[in-house]
Amino acid sequence: MKKVEAVIPHARMQTAFSALRELDLGGLTYYESKGRGEIPTPVIHGGRGTSVFRPEFNVNVTISIVVRDPIADNVVGKILESTSTGLAGEGKIFISDIDDAVDIGSGERGEAAI
Ligand SMILES: Nc1ncnc2c1ncn2[C@@H]1O[C@H](COP(=O)(O)OP(=O)(O)OP(=O)(O)O)[C@@H](O)[C@H]1O
Ligand SMILES: [Mg+2]
């Protein structure tokens, strides 16, 4: 099994979810996450041009999906086609191996649990 974790801008979350609905996924988890890349975060201007504030972190969304090995590339493809415009700072996708999973209700293990 593989875990595909995509850190994407909040504004692209719904298009990513729509694209992922085209795959037969067992489930997914998403959460708001904060982070930074190499490009400085945008400056926030205060009222009447007085104060200027540069937050240290961007607020992103992280989507986490555990799938059977052969599906991982399909998940990556759906996220890319729905969120990438080819620019810097559009996010990251991390792919890692998952050793095991447990369905809490049935006790089933491994791929049967996802
Ligand atoms: N190496 C990393 N490890 C963990 N999270 C990361 C990493 N790099 C980026 N991120 C996450 O992805 C978000 C977007 O970062 P991204 O790398 O896309 O922007 P960038 O570094 O400004 O531009 P780019 O790398 O595309 O030139 C960050 O805010 C952070 O949450
Ligand atoms: Mg980066």
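Which residue stands opposite Pro9 in strand 5? Asn60 does. The points below start from that pair. Keep in mind that this is a predicted model.

1. **The sheet.** Four strands form an open sheet. Their order is 2-5-1-6, and the pairing is antiparallel. Strand 2 and strand 6 (92-97) stand at the edges. Each has a single partner strand, so one side of each is left without a neighbour in the sheet. From one strand to the next, the twist averages 25°.

2. **Strand 1 with strand 5.** These two run antiparallel and are joined by eight bridges. Pro9 and Asn60 stand opposite each other here. Val4 has its own opposite residue in strand 5, namely Ile65. Find both pairs in the structure and you can trace how the strands lie side by side.

3. **Strand 1 with strand 6.** Six bridges hold this antiparallel pair together. Ala6 has Ile93 of strand 6 as its bridge partner. Val7 stands opposite Lys92, also in strand 6. As background, side chains in a regular strand alternate between the two faces of the sheet.

4. **Strand 2 with strand 5.** Seven bridges join these strands, which again run antiparallel. One pair to look for is Thr29 with its bridge partner Ser64 in strand 5. Strand 5 is mostly covered. Of its ten residues, seven are buried.

5. **The helices.** Helix 1 lies across strand 1, strand 2 and strand 5. Its direction is at about 10° to strand 5. Helix 2 lies across strand 1, strand 5 and strand 6. Helix 2 runs at about 10° to strand 1.

6. **The core.** How many residues does the largest nonpolar core have? It has 16. Those with the most contacts inside it are Val4, Ile8, Leu20, Ile63, Ile65, Val75 and Ile79. Four elements give two or more residues each: strand 1 (2-9), helix 1 (13-20), strand 5 (58-67) and helix 2 (72-83).

7. **Val75.** Take this core residue as an example. Set aside its neighbours within four places in sequence. Val75 is then in contact with Val4, Leu20, Leu23, Leu25, Ile65 and Val67. Two of these names, Val4 and Ile65, have come up before: they stand opposite each other, with Ile65 in strand 5.

8. **Thr83.** This residue is found in helix 2. Is Thr83 buried or exposed? Thr83 is buried, because its relative accessible area is 7% and the cut-off for buried is under 20%. The side chain of Thr83 reaches the backbone oxygen of Ile79 at 2.7 Å. Beyond neighbours within four places in sequence, Thr83 is in contact with Ile8, Arg12, Ala16 and Glu90.

9. **Val43.** Now turn to a loop. Val43 sits between strand 2 (29-35) and strand 3 (44-45). Val43 counts as partly exposed because its relative accessibility is 30%; that class runs between 20% and 50%. With neighbours within four places in sequence left aside, Val43 is in contact with Val52, Phe53 and Arg54. The C-alpha atoms of Val43 and Ile93 are separated by 26 Å. Along the chain these two are 50 residues apart.

10. **Ile44.** This residue is found in strand 3. Its relative accessibility is 46%, so Ile44 counts as partly exposed. Leaving out neighbours within four places in sequence, Ile44 is in contact with Ser51, Val52, Phe53 and Pro55. Val52 and Phe53 are in contact with Val43 too. From Ile44 to Asp103 the C-alpha atoms are 44 Å apart. The separation along the chain is 59 residues.

11. **The ligand.** 13 residues surround ligand 1. The closest are Glu38, Ile39, Gly89, Gly91 and Lys92. Lys92 also belongs to the sheet, where Val7 stands opposite it in strand 6.

12. **Polar atoms at the ligand.** Which distances involve an oxygen atom of ligand 1? A polar backbone atom of Ile39 is 2.9 Å from an oxygen atom of ligand 1. For a backbone N or O atom of Arg36, the distance to a ligand 1 oxygen is 3.2 Å. Asn60 brings in its side chain: an N or O atom there is 3.1 Å from an oxygen atom of ligand 1. That returns us to the opening pair, since Asn60 is the residue in strand 5 that Pro9 stands opposite.

Notes. Residues are numbered from 1 along each chain as its sequence is written. Chains are lettered from A and ligands numbered from 1 in the order in which they are written. This is a predicted model: local features need pLDDT of at least 70, side-chain atom pairs count only at pLDDT 80 or more; totals for chains, interfaces and linings use all residues. Side-chain values use heavy atoms; hydrogens and water are left out. A nonpolar core is a set of buried Ala, Val, Leu, Ile, Met, Phe, Trp, Tyr and Cys residues joined through side-chain atoms within 4.5 Å. Buried means under 20% relative accessible area, exposed over 50%, partly exposed in between (1.4 Å probe, protein chains only). Contact means heavy atoms within 4.5 Å. Two strands pair if DSSP finds at least two bridges between them. Axes are lines fitted to C-alpha atoms, for helices over the stretch in contact, and angles run from 0 to 180 degrees between N-to-C directions. A residue is near a molecule or strand if one of its heavy atoms lies within 4 Å of it. A polar contact is a pair of N or O atoms within 3.5 Å; within protein, one must be able to donate a hydrogen and the other to accept it, and residues adjacent in sequence count only if both atoms are side-chain atoms.
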